[in-house]
Amino acid sequence: MTQVSFVQHGMWVTERMGAGSAYHMPIVIRFAGSPAPEPAVLAKACASVVERHPLLGRAVREQDGVPVLVPATRTPSLETGESIEEAIRRPFDLENGPLIRFTLVGDTLVIVAHHLVFDGGSKDILIADLAAFVAGTVPPPLEPLDHAAAERERVAGVLDEARAFWADRWREPGETLVPGGVLRSRRGGPGRLLKFTLDVPELPGLTRFEVLLAALHALLASYGNADVVTAVDLSTRTAASEGHIGPFVNELPVFSSPPSETPFTTFAAGLRAELRSLYAYREVPLARVVAGLRPHAALAPVSVSYRRGSGPRSEPAERFGEVDRLAFNHAVRGALQLQVLDATADAAETEATGMTASLRYDPNELTDAAGFADDLRAVLAAVAQDPARPLGTLPTRDPAVAWPVPAGACGVPVAEPDDDAAPDRPGADPDDPLTAEIRTIWEEVLKVSPIEPHDDIFDLGGHSLTITQIIARMRKRLDVEVELDDFFDNPTIAGVLQVIRR
C-alpha cells in the first residue's frame with residue numbers, strides 16, 4: 001500500500017461527495033482512414049502500457065480514513081463496447097479499480113482514465129507509448145517513482161512560505177456575473193460542450209497563455225465583475241516524473257481587479273508577475289495553507305486548463321488517424337471550464353496556428369456559451385490590433401456596464417459582525433463519555449492535547465485529510481457517521497456532538 005499524493009487525496013474527497021464523470025479523462029482515437037491495428041495487437045499494446053505505468057493498475061481504498069493506493073482487483077484489458085458515450089460516462093469503482101479502461105467501439109478506441117491516476121500531459125505519453133507497442137518497439141525504460149513521498153518532502157520545505165503568500169491573497173470566490181446570468185457553481189456535475197478556435201496574438205514579454213488569461217480576466221471585468229478570480233491548472237511535473245503517467249497537476253486561483261484605464265499590455269504584465277510569484281508554490285495544495293477551505297470540485301466558478309502542443313510524438317502515433325485529446329466527458333467542474341490546446345507549439349511540424357478551445361459549462365448558469373466564446377474572441381482580436389488599448393475600451397456586449405466597476409458589484413455582501421450579540425456556543429459536558437471519546441480521537445489525529453470543546457479544528461492545524469481520519473475513527477469506534485459538510489459547518493467537538501445528537 002502507498003499513501004496517495006496531495007492532489008489525489010483532494011480528488012478522492014470530492015469524488016466521494018459526488019462528481020459524476022467530471023474526473024473522467026477520455027482520449028478518442030479514430031482509426032478510420034488509416035490501417036487499424038489487429039485487435040490482438042491492440043490488446044497486447046494496452047497491456048504493455050499498463051505494465052509500463054503501474055499506477056494505471058491501481059485502485060484507491062480507505063485505510064483508517066486515509067486513502068491509499070492498492071493493486072486493482074483485475075488488470076485493465078481491451079474491451080468491446082457499443083457506444084463511445086457509454087464508455088466515457090461509465091462510473092469507475094475507485095476501491096477495486098482499475099482506474100483506466102480501453103474500449104474498442106467499431107473502428108474507434110476509447111481510452112478513459114480517472115483523474116486520480118492521470119493528467120493532461122499523461123494523454124500524450126500514453127498515446128506515444130501505445131503507438132510504440134503497436135508498432136512492435138519498446139520505449140526506453142523508466143526509473144521507479146514514488147511521487148507522493150517526494151512531493152510531501154518538497155511541500156514541507158515551503159509550507160510556511162506558502163501560508164504567508166496566501167495569507168493576504170486568498171478570498172473566498174463569490175459570484176461571477178455573465179450576460180444573462182450568474183456563475184456560482186463549484187461542484188462537479190453534468191455539463192455541455194462548445195468547441196471553437198482562438199487566435200491569440202504573440203506579444204513581447206508574454207506567453208500566449210498569459211495573453212489568453214489576461215484577456216479572460218478583462219472580459220469578466222467588462223461583464224461587471226470588480227474582482228475577478230479564475231482557477232488555473234498548473235503542472236507539477238519534475239525532471240524525475242518526465243515520461244511517467246500520473247496526476248501531476250494542482251489547481252490554484254489567480255485574482256485580479258482590472259482597472260479600466262490601464263493598457264492591456266500593462267495589465268497582462270502585472271498578471272504575469274502574479275503568476276510567476278505563484279509558481280514557487282505550485283505544488284502546495286491550497287487546503288494545506290488556507291484554514292477551513294471546504295472541498296470543492298473547482299476552486300472557483302471559472303477555471304482554465306492550458307496545454308502546449310501535443311507533447312511526445314512518434315511516427316507510429318501519426319499513423320493512428322484522428323486523435324481527440326479534448327474528448328468531452330459530459331461533465332463540468334464548476335460553472336465554466338475553458339480547456340485549451342495550443343497547436344502553435346508544433347508550428348514547425350504542422351500548419352496549425354491557433355488554439356483549440358473546449359468550453360465545458362453548466363447550462364443552468366451559462367445560458368449563452370456561444371456568446372461568451374464570441375466575446376473572448378472579440379477581446380483577443382482587439383488586443384491583436386492594439387495591445388496598448390485601455391481595458392475599458394475593449395469590446396463588450398453590454399454597453400450599459402461602465403468602467404470602473406463599482407465595488408461590491410460581484411459577490412455576496414459580508415455583514416458586519418454584531419459585537420453585542422452573544423455567540424451561539426452549544427454545550428458539551430466534559431464528563432459525558434461520548435465527549436471524552438471524541439476528544440481522544442481528535443487528540444490522536446491532530447497530535448494536540450488538551451483540546452477543549454469549542455476549539456476550532458482549523459485553528460488546531462486540521463484540514464480535509466485529518467477530518468477524514470477523524471470521521472473514519474468515529475465510524476469505527478463509536479458507530480456514528482458525520483458527513484464532511486457537517487464537519488466543515490460545525491468544526492468543534494461541541495458542534496460535532498450537536499450533529500450526532502440531531
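**Figure 1. The largest cavity of the predicted model encloses about 550 Å³ of space.** Its lining comprises 30 residues, and those nearest the centre are V7, G10, M11, N250 and H296. Two or more lining residues come from each of the elements α1 (6-16), β13 (249-256) and α11 (464-478). Helix α1 gives the most to this lining, with seven residues. Classified by residue type, the lining of the largest cavity holds 15 nonpolar, nine polar and six charged residues. The structure has three cavities of 30 Å³ or more.

**Figure 2. The largest pocket contains about 1100 Å³ of space.** A total of 49 residues line this pocket, and S235, S305, Y306, R307 and R308 are the closest to its centre. At least two lining residues are supplied by each of the strands β2 (24-30), β12 (228-235), β14 (302-308), β16 (331-333) and β17 (336-342), and likewise by each of the helices α4 (120-134), α6 (208-222) and α7 (264-279). Helix α4 gives the most to the lining of the largest pocket, with five residues. The lining of the largest pocket is made up of 19 nonpolar, 13 polar and 17 charged residues.

**Figure 3. Five strands form an open sheet with mixed pairing.** The strand order is β5-β6-β7-β2-β15. Strands β5 (78-80) and β15 (322-324) occupy the edges and have a single partner strand each, so one side of each lacks a neighbour in the sheet. From one strand to the next, the twist averages 20 degrees. Within the sheet, β2 and β7 (residues 108-114) run antiparallel and are joined by seven bridges. One residue pair to locate in this view is P26 with V112, its bridge partner in β7. Strand β2 also supplies at least two residues to the lining of the largest pocket.

**Figure 4. Helix α2 (residues 39-52) lies across strands β5, β6 (100-105) and β7.** The helix runs at about 135 degrees to β5, a strand at the edge of the sheet.

**Figure 5. A salt bridge links D129 and R52.** The closest N and O atoms of the two residues are 3.0 Å apart. Because D129 lies in helix α4 and R52 in helix α2, the pair ties together parts that are 77 residues apart in sequence. Helix α4 is also an element of the lining of the largest pocket, while helix α2 lies across β5, β6 and β7. In the whole structure, 28 salt bridges are found.

Conventions: Residues numbered from 1 in each chain as written. Predicted model: local features only at pLDDT ≥ 70, side-chain atom pairs only at ≥ 80, totals over all residues. Heavy atoms only, no water. 1 Å grid on protein atoms, 1.4 Å probe; cavity = no way out; pocket = protein on both sides within 12 Å on 5 of 7 lines; lining within 4 Å. Points joined across faces, edges and corners; volume = space filled by probe spheres on them. Helix = DSSP H or I, 4+ residues; strand = E, 2+ residues; numbered from the N terminus. Nonpolar A, V, L, I, M, F, W, Y, C, P; charged D, E, K, R; others polar. Pairing = 2+ DSSP bridges. Axes fitted to C-alpha atoms, helices over the stretch in contact; angles between N-to-C directions. Contact = heavy atoms within 4.5 Å. Salt bridge = Lys/Arg side-chain N within 4 Å of Asp/Glu carboxyl O.
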